[in-house]
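Biologist: I should like to learn how to read a structure of this kind, one feature at a time. Could we begin with a single residue and then widen the view?

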Amino acid sequence: MSVLSLRMRKRVTNSLFIGLATFCFLLALVPLAAILYQTIMSGYGALSLDFFTQVTPPIGGAGGGILNAIEGSLVMVAIAALIGTPLGVFTGAYLAEYPGKFAYQVRLLAEVLTGVPSIVTGIVVYVLIVSTQHRFSALSGGIALGFMMIPIVTISTHESLKLVSSSIREGALALGISRAKTTVYVLLSTARSGVITGIALAVARVMGETAPLLFTALGSQFLMTSLNDPAASMTLLIFDFGTSPYENSHVFAWGAALILLVIVLGLNIVVRTASRLKFAATE
Amino acid sequence: MSTSLTTFGKTSRVHKRTRRPNLFLILLIIAAIAIPCITTIYLYALFIGSTDSIRAFGLNFLFNTDWIPNPANGGPPSLGALPAIYGSIVTTAISLLLAVPISLGVALFQSELAPKKLRVPSVFMIELLAAVPSVVYGLWGLLFLVPFMRDYINPPLKQFLGFLPLFQGPITGLGMLTAGVILAIMIIPYGSSVMREVITAVPRSQREACIALGATNWETIRTAVIPFARTGIIAAVVLALGRAIGETMAVIMVIGNVARISPSLFLPAETIPSVIANEFTEVAGNNVYLAALFELGLILFAIAFLMNLAGRVLVSRLSYKAGRDVSA
């Protein structure tokens with residue numbers, strides 16, 4: 001009898017625990033569902049042809065679109081990718097190729113840098129570039145985002161290169177191929193899909209950044225004529241319009257949030273699914 | 001003639017071979033020092049930017065509760081970081097209180113309990129939550145969560161726990177409680193992914209020994225998994241704290257932005273990053289004011305850097321330990 005009740009108690013406790021953990025998981029997903037639902041519902045009404053072909057109205061104003069914000073986001077993310085990709089990939093390759101105490105410390109520092117608040121990056125670029133040039137610009141916004149990308153790409157490249165089996169590396173070196181060629185033509189090309197996945201995820205990440213742009217790109221109502229102009233971005237637009245007291249501006253912000261979510265989450269879904277399929281296929 | 005040409009060609013190839021790795025080496029050195037250089041640049045720029053404020057206020061900046069950038073009498077500004085530091089500590093504490101247990105539940109569900117087929121999709125969905133830009137969290141927080149807290153969460157809290165100073169004062173929906181809630185939502189994906197990582201690093205033999213003794217899931221986790229992963233879980237909490245303290249956009253949109261130290265979680269307040277972002281446009285040539293904002297950035301950098309360093313060192317030690325255990 002007592003053995004039976006002990007077993008019962010064990011089972012009840014266990015079920016309670018499983019139920020609680022499952023509940024936590026579902027609870028964590030509620031905000032995701034709520035945000036997606038709200039953004040689609042509230043943002044859908046803002047979409048029209050004008051929304052993609054016109055520049056932003058003044059806050060509170062009617063009409064207009066987010067063309068300048070899309071332009072600004074794309075240009076600044078492109079600048080960031082130009083800075084972040086080569087430096088990040090090469091640093092990641094260095095970490096994978098020359099492991100040791102120094103590489104460990106660089107890797108640690110890269111991980112710490114990914115945790116540094118993005119607003120700090122905004123201040124750094126403001127002090128170094130904006131305040132010396134006396135102007136806010138798309139270029140400085142792109143540089144700020146690029147600074148953020150370097151450690152992210154470094155870590156993802158390092159991780160992908162670590163997955164390349166050492167027999168491939170040793171085989172290439174045994175054939176007398178130089179270390180440089182081995183790294184570029186054998187290792188990086190073997191790990192290509194992982195490296196590209198990492199870059200794409202880093203792009204998605206910096207595309208959603210706002211805080212570093214407050215001090216660098218500033219925001220703008222117009223299309224830019226050069227990289228030295230202040231630039232709009234979708235994130236800055238969501239912030240400016242969302243915090244205004246006007247109802248039609250809120251709709252505008254939801255519309256921009258919808259487009260941003262489609263791009264950022266879309267990129268995440270496509271890239272992660274593709275890399276997982278590939279991974280499953282090679283397994 | 002022809003032989004000498006071949007020799008010439010050969011030597012030049014050898015020459016090239018010895019030169020190429022040099023270029024490669026230079027590239028690698030640049031790559032290797034990029035990360036330490038960036039870190040140094042950050043520190044340098046933050047110090048340069050906050051010089052005026054450090055000169056004007058010294059250490060007093062950390063303890064001053066005033067935030068008067070432009071005194072009415074035209075005197076020198078009196079600026080202190082304490083209200084912002086206080087707001088950061090309180091909102092981060094609320095967010096950890098909510099997020100740590102939920103993150104642990106999520107991590108255990110994903111690593112130990114979910115059926116095999118659901119594991120990958122469950123991780124994927126939480127990853128999507130982490131991918132949502134913080135300004136979108138902010139927009140949702142401002143236009144949905146703030147009214148929701150004002151109408152459904154804060155009134156009952158005030159009614160039943162109103163004897164505590166934490167739950168007194170007018171209810172607007174904006175304030176430290178709402179900021180803490182949105183921070184919790186934002187750090188759950190991060191916290192749970194680090195926890196999942198350290199829980200999966202627990203050697204299989206630990207679990208199998210427990211299961212062989214007839215332990216249930218709960219008993220296995222309580223006696224074998226959690227004790228082994230304890231350091232890693234603490235590291236995850238520290239890393240999540242580092243994230244929460246630096247979050248800017250979502251907080252700025254729901255906290256109300258008032259420099260004030262009050263026990264009430266319902267009242268508008270501010271955090272270190274929210275002050276920086278919110279007041280940057282109001283500086284208008286006031287150099288000490290601008291430098292004070294940047295000094296807040298320096299403080300934020302120092303806190304986030306140390307938290308992340310501590311968390312990362314703990315995690316890397318742990319995976320090393322687990323790795324050695326498996327190979328032994």
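Modeller: Certainly, with the reminder that this is a predicted model. Let us begin with A:His134, which is exposed, as 6 other C-beta atoms lie within 10 Å. A residue counts as exposed if that number is 12 or fewer, and as buried if it is 20 or more.

Biologist: Where is A:His134 found in chain A?

Modeller: A:His134 belongs to the loop between α5 (118-133) and α6 of chain A. Its backbone also deserves attention: phi is near 55°, a positive value in a residue other than glycine.

Biologist: Which value does phi of B:Ala284 take, and is B:Ala284 buried or exposed?

Modeller: For B:Ala284, phi is near 45°, again a positive value in a residue that is not glycine. B:Ala284 sits in the loop between α9 (272-279) and α10 (287-327) of chain B. With 9 other C-beta atoms within 10 Å, B:Ala284 is exposed.

Biologist: Let us turn to whole chains. How many helices and strands does chain A have?

Modeller: One counts the elements and then reads their order. Chain A has 12 helices and 0 strands, so its order from the N terminus on is α-α-α-α-α-α-α-α-α-α-α-α.Biologist: How many helices and strands does chain B have?

Modeller: Chain B comes to 10 helices and 2 strands. Along the sequence of chain B the pattern is α-β-β-α-α-α-α-α-α-α-α-α.

Biologist: How should the overall extent of each chain be read?

Modeller: One may set the radius of gyration beside the value for a compact globule. For 283 residues such a globule would be near 19 Å, but chain A has 24 Å. The C-alpha atoms of chain A fill a box of roughly 70 × 70 × 35 Å along the principal axes. For chain B, a compact globule of 328 residues would be near 20 Å, whereas the chain has 26 Å. The corresponding box for the C-alpha atoms of chain B is roughly 95 × 70 × 35 Å.

Biologist: What percentage of the residues of chain A count as buried?

Modeller: In chain A, 48% of the 283 residues count as buried. Buried residues likewise make up 48% of the 328 residues in chain B. A helix may be examined in the same spirit: in helix α11 (residues 234-242) of chain A, 8 of the 9 residues are buried, and the helix is mostly covered. Among the buried residues of α11(A) are A:Met234, A:Leu237, A:Phe239 and A:Gly242.

Biologist: What do contacts along the sequence show?

Modeller: They show how far apart in sequence the partners lie. In chain A, among contacts between residues at least 6 apart, 75% join residues at least 24 apart. In chain B, residues 24 or more positions apart account for 74% of the contacts with a separation of 6 or more.

Biologist: At what angle do helix α4 (residues 101-114) and helix α6 (residues 138-162) of chain A pack?

Modeller: The reading begins with the angle and the distance between axes. Here α4(A) and α6(A) pack at about 130°, with their axes 8 Å apart. That angle makes α4(A) oblique to α6(A), and their crossing is left-handed. On the side of α4(A), the contact is made by A:Arg107, A:Ala110, A:Glu111, A:Leu113 and A:Thr114. On the side of α6(A), the residues are A:Pro151, A:Ile152, A:Thr154, A:Ile155 and A:His158. By class, this contact has 5 nonpolar, 3 polar and 2 charged residues.

Biologist: Why do residues three or four places apart point the same way in an α-helix?

Modeller: An α-helix has 3.6 residues a turn, and therefore residues at that spacing point the same way.

Biologist: How far apart are the axes of α5(A) and α6(A)?

Modeller: The axes of α5(A) and α6(A) are 9 Å apart, and the packing angle is about 135°. This makes α5(A) oblique to α6(A), and α5(A) passes α6(A) in a right-handed crossing. From α5(A), the residues that meet α6(A) include A:Ser118, A:Gly122, A:Val125 and A:Ile129. Their partners in α6(A) include A:Ser140, A:Ile143, A:Ala144 and A:Phe147. The contact of α5(A) with α6(A) has 7 nonpolar, 4 polar and no charged residues.

Biologist: Finally, how many residues does each chain give to the contact between chain A and chain B?

Modeller: An interface is read by its size, its sources and its classes. Chain A gives 66 residues and chain B gives 70 residues. Helix α1 (residues 2-44) of chain A supplies 18 residues, the largest share of the side of chain A that touches chain B. That side has 46 nonpolar, 16 polar and 4 charged residues.

How values were computed. Residues are numbered from 1 along each chain as its sequence is written. Chains are lettered from A and ligands numbered from 1 in the order in which they are written. This is a predicted model: local features need pLDDT of at least 70, side-chain atom pairs count only at pLDDT 80 or more; totals for chains, interfaces and linings use all residues. Two residues are in contact if their C-beta atoms, placed from the backbone, lie within 7 Å. Helices (H or I, at least four residues) and strands (E, at least two) are DSSP runs, numbered from the N terminus. Ala, Val, Leu, Ile, Met, Phe, Trp, Tyr, Cys and Pro count as nonpolar, Asp, Glu, Lys and Arg as charged, and the others, Gly among them, as polar. The radius of gyration is taken over C-alpha atoms; the globule rule is 2.2 Å times the number of residues to the power 0.38. Axes are lines fitted to C-alpha atoms, for helices over the stretch in contact, and angles run from 0 to 180 degrees between N-to-C directions. Angles under 35 degrees count as roughly parallel, over 145 as roughly antiparallel, 65 to 115 as roughly perpendicular and the rest as oblique. A crossing is left-handed if the near helix is turned anticlockwise from the far one by less than a right angle, and right-handed if clockwise.
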